[in-house]
Amino acid sequence: MIDQKELLNQLNRFTKREHTLDEVYLFDIILCDNEIDRDGDCFSDHALKQLAERFVGVTGIFDHNPRCGNQTARIFRTELCADPERKTAGGLPYHFLRANAYMVRTEGNADLIREIDAGIKKEVSISCAVGKQICSVCGGNKLQKPCTHIKGRMYAGVKCHTVLDDITDVYEWSFVAVPAQRNAGVTKTCGGCADLEKEEMRRVLDCTGALLDRLTEELRRECVRLCYKSGENACSKALAATTEHMSAERLLALRESLMQGLSAANSKPQLIPQNAESKHPQMHAFQFGRQEP
Ligand SMILES: [Zn+2]
């Protein structure tokens, strides 16, 4: 464990003038880890290393609590840590990113410092941009080519998740009221990628829903048409009302049985006029095709 004096030395590399231990408040936070979070995402170890480098010097914000005014804290040191006792849900050794932050003590942030000391403020959220979102099933980068694997679903006994890799930018870190990540109390915003993904999923669902509605309506009409075609006018009117609340699946079954009924009726022997053959357009076409040059 690094001692306070050494921490202060490291801190003073980031400040315009030297600070004493009385002037600053030092605290540590866990920025993120490699555990699979509630969104089904996790950082790769490579991404954690990149985050460790990039978060040094980055300023944190405190909710948007007016009491806190413009108070900020800054990370001056990061450390990638391992917990040998623990494995992630994906079976990997558990790694997390710890950061040392400081605030210059002022009258205005005394309450905030008390809250952090008391452990009230301990959930941290980070936002960063990633260059790769790797599917755990096929290994493809979803940002380049979306695949069909769905996060949270099981494939060959393994739950699908997304591995966030190749950090391209980090924006900020902040204390949040509600923790979103399972373990470290950390959430990540990935430069809005998660929101975009959800938005895209909503769009796809909307489109699929609308398409299903259209197909169901089409099926409904066809069932009524088939019933009408079979010569049961009264039946088709009753059917039109009944099909209103039928699912696409039930409509398909109904159409099947109506078509079977129709083809059975058509296969019955019928009276054919003598000249029917020559009047039949399809027969003409067939004969034309067979003519010798
Ligand atoms: Zn995939």
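These notebook entries record what I looked up in one predicted structure.

**Ground rules.** I worked from a predicted model, in which local features need pLDDT of at least 70 and side-chain atom pairs count only at pLDDT 80 or more, while totals for chains, interfaces and linings use all residues. Residues are numbered from 1 along each chain as its sequence is written, and side-chain values use heavy atoms, with hydrogens and water left out.

**Entry 1: the zinc site.** I looked up which atoms hold the zinc ion. Its protein donors (N, O and S atoms within 2.8 Å of the metal, or 3.2 Å for Na, K and Ca) are Cys-135 (SG), Cys-138 (SG), Cys-147 (SG) and His-149 (ND1), at 2.0 to 2.3 Å from the ion. I noted that water is not among the atoms, so sites may look incomplete. Along the chain, the donors follow the spacing C-x2-C-x8-C-x1-H.

I then located two of these donors. Cys-135 lies in strand S6 (residues 124–135), and Cys-147 lies in the loop between S6 and strand S7 (154–155), 12 residues apart. Strands here are DSSP runs of E with at least two residues, numbered from the N terminus. Cys-135 is buried, at 1% relative accessibility, whereas Cys-147 is partly exposed, at 26%. Buried means under 20% relative accessible area, exposed over 50%, and partly exposed in between, with a 1.4 Å probe and protein chains only.

What is the geometry of the site of the zinc ion? The site is tetrahedral, with angles of 106 to 113° among its 4 donor atoms; four donors receive this label if all angles lie between 85 and 135 degrees. For comparison, I noted that the ideal angle for four tetrahedral donors is 109.5 degrees.

**Entry 2: the second largest pocket.** A pocket is an open set of points on a 1 Å grid over the protein atoms alone, where a 1.4 Å probe fits, with protein on both sides within 12 Å along at least five of seven lines. About 240 Å³ of space lies in the second largest one. I recorded 14 lining residues (those with an atom within 4 Å of a point), and the closest to the centre are Ile-36, Ala-89, Lys-159, Cys-160 and His-161. The lining divides into 4 nonpolar, 4 polar and 6 charged residues.

**Entry 3: an aromatic pair.** I found a count of 3 aromatic pairs, taking rings of Phe, Tyr and Trp (its six-membered ring) whose centres lie within 6.5 Å. How are the rings of Tyr-25 and Phe-27 arranged? Their centres are 5.4 Å apart and their planes are at 20°, so the pair is stacked, a label for planes under 30 degrees apart. Tyr-25 and Phe-27 are both buried.

**Entry 4: positive phi.** Most residues other than glycine have a negative phi. I looked up two residues with a positive value. Ala-156 has a phi near 50°; it sits in the loop between S7 and strand S8 (158–159) and is exposed, at 86% relative accessible area. Asp-166 has a phi of about 60°; it belongs to strand S9 (residues 162–175) and is partly exposed, at 27%.

**Entry 5: contacts across the sequence.** Leu-97, in strand S5 (residues 93–104), is buried at 0% relative accessibility. Leu-97 and Asp-33 are 64 residues apart in sequence, yet 5.9 Å apart in space, C-alpha to C-alpha. Ser-174, in strand S9, is buried at 9%. Ser-174 and Phe-62 are 112 residues apart in sequence and 5.5 Å apart in space, C-alpha to C-alpha.

Note on methods:
Points joined across faces, edges and corners; volume = space filled by probe spheres on them. Nonpolar A, V, L, I, M, F, W, Y, C, P; charged D, E, K, R; others polar. Tetrahedral: all angles 85-135°; square planar, octahedral: opposite > 155°, others 65-115°. Helix = DSSP H or I, 4+ residues; strand = E, 2+ residues; numbered from the N terminus. Phe/Tyr/Trp six-rings, centres within 6.5 Å; stacked < 30°, edge-to-face > 60°.
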